[in-house]
Amino acid sequence: MGGNALVGVRPRPWAALGLGLLVCSIVQTASAADCPGHPDALGTSRTLVVDPKEHPRIGTMQYAETLPLGDHEVVLTFDDGPLPRNSNQVVDILASQCVKATFFIVGRMALAAPEGVRKLRDAGHSIGTHTQNHPSSMNRMSIERARQEIDDGIASVKTALGDDTALSPFFRIPGLSRTQAAEDYVVAQGIQLWSADFPADDWHHISSSRVYDIAMKRLEAKGKGILLLHDIQARTVAALPRILRELKARGYRIVHVVPATSELPVTPTAPQQWQLHPPSETVAISHWPKIPNFVFANAETLPAPALSDLDWRDGRSMTLAEASSHAGRLARRVPLPREAPWPRQSSLAPDSAAIVLPVPAQSIFEIQEKPPPATQGIAPPADHAERPVPREQTDGLAKLISVDAGDSAHTMPVPIGAQ
Ligand SMILES: [Zn+2]
């Protein structure tokens, strides 16, 4: 029976191809229809409705689960805004492609530019929060202070929106500097903790083309996932149109994530879909020689993602000694020590170990890309067009923005008067 059925199918390969084309055609037609005036738009292929209480921690850079995405599905996230000069451009670029994303807003930024937050709401994006002041080291902060940061951030964004319903129960820890206590506090409120599946290093002092390269390489390596970007960065603004064009060219589809409400039921999913590569998929794909073995072979053995490379710092300059040390770490990235590659990990509560998934996210990519240490450790002078220092901002805001911007704003203190 089975053999006959196969024989019956084989002479008609075009039927399957035709079906595939039909599906693609339907998706693209839907995207174009949703984006009047932009027939070639990438579009948003579907909306994923999630219940934060069912899956409170997502993003394989840190957690066992991630969003239940299909192959070639991507969720775009933008942190640290709004900074009108750059964030507004990001919103316009996304609008031109009818792409919906999720923004993690800093409370102080929301109070400084409340219209920027409302612009996101009006454009239909999802809005989460990212603390009040974007502390660089929540993992070394008392739980009382951490709670205050979380609560104040939420309150500030609500104030900016003037409408509680427009805020999604989504939260991302600044610098991904997690602690069990802070996470428990967030989760207890029914808020979903978002890590990411891969960043594009756009807070580093790198060119926009490098941001594009990193985003696409890391996406191609995983095949799907949550991309972490920063709407406050000029280099991200410059890279975004090309990223969106390439996503479309390579057949990727954008998924918009929203929280469930009484009117909006959860998208049905199976538990294994909340893994980046479910066992069934892994087994199937592992027989395909084009997939590098390390993607799966190392997943169980490597230590936590190399968050040291995120290097969010408290707005201070990296000294030459630190930069040299950092560059040295990068050069020695292969192989990583199995235990405690990063001193901060040793401060994690023992019971947190079970929750931190040892996916070797960035370490893998460093093996592949291995940028010259100088590009990340000791950044070369930026070209002026890409320097993200928000000179028109107040000192306080500039410092705040630089927290995630890290070395882009402060490790390379290009004299302002020089240009
Ligand atoms: Zn941030």
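The torsion about the S-S bond of Cys35 and Cys98 is about 90°, so this disulfide is right-handed. The two cysteines sit in separate loops: Cys35 lies between helix H2 (13-33) and strand E1 (46-50), and Cys98 between helix H3 (84-96) and strand E4 (102-105), so the pair ties together parts that are 63 residues apart in sequence. The model is a predicted one. The S to S distance between Cys35 and Cys98 is 2.1 Å, and a search of the whole structure finds one disulfide.

The table gives the accessibility of both cysteines and of Ala181, a residue of helix H7 (residues 180-188).

| Residue | Relative accessibility | Class |
|---|---|---|
| Cys35 | 1% | buried |
| Cys98 | 16% | buried |
| Ala181 | 40% | partly exposed |

Cys98, at 16%, counts as buried because the class covers values under 20% relative accessible area. Ala181, at 40%, counts as partly exposed because its value falls between 20% and 50%.

Which residues of H7 are buried? They are Gln180, Ala182, Glu183, Tyr185 and Val186. These buried residues pack against two strands named by their ranges, E2 (57-58) and E6 (170-171), as well as against helix H6 (143-161) and strand E7 (192-194). In an α-helix there are 3.6 residues a turn, so residues three or four places apart point the same way.

Ala181 and Ile143 are 38 residues apart in sequence, and their C-alpha atoms are 6.5 Å apart in space. Just after H7, Gly190 takes a positive phi of about 75°.

Key. Residues numbered from 1 in each chain as written. Predicted model: local features only at pLDDT ≥ 70, side-chain atom pairs only at ≥ 80, totals over all residues. Heavy atoms only, no water. Disulfide = S-S within 2.5 Å. Helix = DSSP H or I, 4+ residues; strand = E, 2+ residues; numbered from the N terminus. Buried < 20%, exposed > 50% of the residue type's maximum accessible area, 1.4 Å probe, protein only. Contact = heavy atoms within 4.5 Å.
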